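Subject: Structure handover and notes

Dear colleague,

Here is the structure I promised to pass on, with my notes on it below. Please read them with the model open beside you.

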Amino acid sequence: MTIPLVVVGCGGHGREVLTIARAMDSAGRPRWRLLGFVDDRPSEENLKRVQRLDVPFLGGLDWLRDAPPDTHHVIGIGDPRVRRVVSGRIDAYGTPAASLVHPAATIGPDIVHGPGFVAFAGARATTNVTAGRHVHLNQNATVGHDCDLADFVSVNPLAAVSGDCRLAEGVLVGTTAAVLQGLRVGRDSTVGAGACVVRDVPDGVVVKGVPAR
């Protein structure tokens, strides 16, 4: 028996999330029945790209309010703060969030994650990692031992989070960035692409460079 699934967001990130669901189905017994995409403000170009994937566009987010029974959603939006806002709206509809792990991701057996967790191809989380709701580990991102990733964290492609780190809610770790061992990154902060974090980062800031400032 397959589960109906809707992808939230027609942009590139959402279409990449779709490929995870398809890869999961092709790797074994089919799990997801893809109903389509929802998006309040899709561009014409993204609608054409969705059409090429042979998956229908269903309408705005309100479509989920009257979705068929057992329908799940996955939020395909890369910005953690936007993902949080969208999640709050969908929660009011009562549509449960699906968690997707690409067959080419390596997720340790003792990893604990909340609903809406997404691990892209090549993502790795080693051991004793806790991830909250709607955490996204993008392509070839790594998370070391004993880390705690709060709700709506994004670790972007090729970024590395070392062991025993704490990433607060809404943190974004940019492409190829590194967070060194035992550090904390505060709520809604952004680690810029290519940065190397060598000390704790406070809430609500953007840090860039090597070392990150």
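A residue is called buried when its relative accessible area is under 20%, exposed when it is over 50%, and partly exposed in between, with a 1.4 Å probe and protein chains only. By that rule Ser154 is buried, because its relative accessibility is 1%.

Before going further, please note that this is a predicted model, in which local features need pLDDT of at least 70 and side-chain atom pairs count only at pLDDT 80 or more, while totals for chains, interfaces and linings use all residues. Residues are numbered from 1 along each chain as its sequence is written, and side-chain values use heavy atoms, with hydrogens and water left out.

Ser154 lies in strand S14, residues 154-155; helices (H or I, at least four residues) and strands (E, at least two) are DSSP runs, numbered from the N terminus. Taking contact to mean heavy atoms within 4.5 Å, and setting aside neighbours within four places in sequence, Ser154 touches Gly78, Pro80, Arg83, His136, Val171, Leu172 and Val173.

Two of these partners, Pro80 and Arg83, are among the buried residues of helix H3, together with Arg84, Val86, Ser87 and Ile90. The cover over the buried residues of H3 includes S1, S4, strand S11 (136-137), S14 and strand S17 (172-173). The length of H3 was also checked, the expected span being 1.5 Å times one less than the number of residues: its twelve residues should span 16 Å, and the end C-alpha atoms are 16 Å apart, which agrees.

The sheet that H3 packs on is best described strand by strand. Four strands make an open sheet with parallel pairing, in the order S3-S2-S1-S4, where two strands count as paired if DSSP finds at least two bridges between them. Strand S3 (57-59) and strand S4 (72-75) are the edge strands, and each has a single partner, so one side of each has no neighbour in the sheet. From one strand to the next the twist averages 40°; axes here are lines fitted to C-alpha atoms, for helices over the stretch in contact, and angles run from 0 to 180 degrees between N-to-C directions.

Within this sheet, S1 and S2 run parallel and are joined by six bridges, with Leu5 bridged to Leu34 in S2. S1 also pairs with S4 in the parallel sense, over four bridges, and there Val6 has His73 in S4 as its bridge partner. Five of the six residues of S1 are buried, which leaves the strand mostly covered. On the other side of the pairing order, strand S2 (residues 32-38) and S3 are parallel and share two bridges, with Phe37 opposite Phe57 in S3.

Helix H1 (residues 12-26) packs on this sheet and touches strand S1 (3-8), S2 and S4, its direction making about 170° with that of S2. Helix H3 (residues 80-91) packs on the sheet as well, touching S1 and S4, and its direction makes about 165° with that of S4. The buried residues of H1 include Val17, Leu18, Ile20 and Ala21, and also Arg15 and Asp25.

There is also an open sheet of six strands, again with parallel pairing, in the order S6-S9-S12-S15-S18-S21. Its edges are strand S6 (106-107) and strand S21 (196-197), each with a single partner strand, so one side of each is left without a neighbour. S6 pairs with strand S9 (residues 124-125) over two parallel bridges, and Ile107 has Ala125 in S9 as its partner.

In soluble globular proteins, nonpolar side chains tend to be buried together. A nonpolar core here is a set of buried Ala, Val, Leu, Ile, Met, Phe, Trp, Tyr and Cys residues joined through side-chain atoms within 4.5 Å. The largest one has 32 residues, and those with the most contacts inside it are Leu137, Leu149, Val155, Leu167 and Val173. A second, separate core of 16 residues includes Val7, Cys10, Trp32 and Ala98.

Finally, there are zero disulfides, a disulfide being a pair of cysteine sulfur atoms within 2.5 Å. The sulfur of Cys165 is 4.7 Å from its closest cysteine sulfur, in Cys147, and is therefore too far for a bond.

Best regards
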